[in-house]
Amino acid sequence: MPKVSVIIPAYNAMTYLPETVGSVLRQSFTDFEVLIIDDGSSDTIQQWASQVQDLRVRLISQENQGASAARNTGIAHAQGEYLAFLDADDLWEATKLEKQVLCLDNYPAAGLVYTWTVLIDPTGKPTGRVFASKAEGDVWNQLIEHNIIECGSSPMIRRDCFETVGLFDCNLLAVEDWEMWVRIASRYPFAVLQEPLTYYRQLSTSLSKNWQLMAQCFPLFIEKVFYSAPSERLYLKNRSYYQANLCLAWKCLQSTDRDYKQAVQFWQQAIIYYPQKRYSLEYLRLSLAIALMRCLGSDNYNQVMEIIYVLRRRVLGRLAVTPI
């Protein structure tokens, strides 16, 4: 039986799936299986999978049910002691599995270990942004305010965790991975590898860019979490809504139509929930971005942001390692 089960949900993902699977097959740690869950695709995934000669790779097909159901199918078929999820357009550094397995082996109390994440563009080029949280141990309070993991392709989880907290919530069409991490954090300590071992591809078609869908799912997520939360943690609920509205405002600015008017509504709502944050760096940064969009217009705003991204790539060049 393999030590690790790698679960890759795939829906019409052939643009990047071969590269994604390749980054798994080049791992320095080799005791794993790869379960590709074809979630009702209409592309050439069946033909491609039949030509993959590595016996560790297996394709499991189902009718289209969404990412949560695909992950749950992977969990049901997984044989590994540890489970690692990988979106079909993301990539891993070659030592990711090896270092995560070593971490969980040496820290038996931990239920989940995550890594730092480099954001890449559709061509695989680093954008200059790196998700680099240092939070570990009891992270519930931090996690409910902000998704410290950021990318669903980052964590490795003990199989036992799912037997304890259950499967992914199929009623959540977005932030379902975040909700799962919160459930796990309520029962297990987290560990973090402070290295950029995951590459998160930024695509305009990604569900994470759909602010309308996110706006529907955030309240469902927050209300579900706090329905069963201990009374001493209920004070964090308004902070969660603050962060959710802050996130939605950014997504409006980053959307195809650059809807700064909608961003303003979320921006205003955020501070209603948590007025103490009015002069925080994160809130002032969003305020500046909205002001720039309003004054410069969409095209000029994009040019300014591109200059900022170029400068950021240079500053963070030592972290933004070119992915395999």
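**View 1. V113 of strand 6 and its partner in strand 8.** Let's start with one pairing: V113 has M156 in strand 8 as its bridge partner. Keep in mind that this whole model is predicted. Zoom out a little, and you'll find strand 6 linked to strand 8 (residues 156-158) by 2 bridges, with the two strands running antiparallel.

**View 2. V113 again, this time with strand 9.** Here V113 sits opposite A191, a residue of strand 9. Strand 9 covers residues 190-201 and runs parallel to strand 6, and 9 bridges join the two. How many of the residues in strand 6 are buried? Strand 6 (residues 112-120) is mostly covered, with 9 of its 9 residues buried.

**View 3. The hairpin of strand 6 and strand 7.** Strand 7 (residues 126-131) pairs with strand 6 in the antiparallel sense, using 3 bridges. One pair to look for is I120 facing P126 of strand 7. The hairpin has 5 residues between its strands, and G124 takes a positive phi near 95° there.

**View 4. Helix 8 meets helix 9.** Now for some helices: the axes of helix 8 (residues 211-227) and helix 9 (residues 237-254) come within 10 Å and cross at roughly 170°. Angles over 145 degrees count as roughly antiparallel, so that is how helix 8 and helix 9 lie relative to each other. On the helix 8 side, the contact residues include W211, F218 and F226, while Y241, L248 and K251 are among those from helix 9. Sorted by type, the residues of this contact are 12 nonpolar, 1 polar and 3 charged.

Conventions:
Residues are numbered from 1 along each chain as its sequence is written. This is a predicted model: local features need pLDDT of at least 70, side-chain atom pairs count only at pLDDT 80 or more; totals for chains, interfaces and linings use all residues. Side-chain values use heavy atoms; hydrogens and water are left out. Axes are lines fitted to C-alpha atoms, for helices over the stretch in contact, and angles run from 0 to 180 degrees between N-to-C directions. Helices (H or I, at least four residues) and strands (E, at least two) are DSSP runs, numbered from the N terminus. Angles under 35 degrees count as roughly parallel, over 145 as roughly antiparallel, 65 to 115 as roughly perpendicular and the rest as oblique. Contact means heavy atoms within 4.5 Å. Ala, Val, Leu, Ile, Met, Phe, Trp, Tyr, Cys and Pro count as nonpolar, Asp, Glu, Lys and Arg as charged, and the others, Gly among them, as polar. Buried means under 20% relative accessible area, exposed over 50%, partly exposed in between (1.4 Å probe, protein chains only). Two strands pair if DSSP finds at least two bridges between them.
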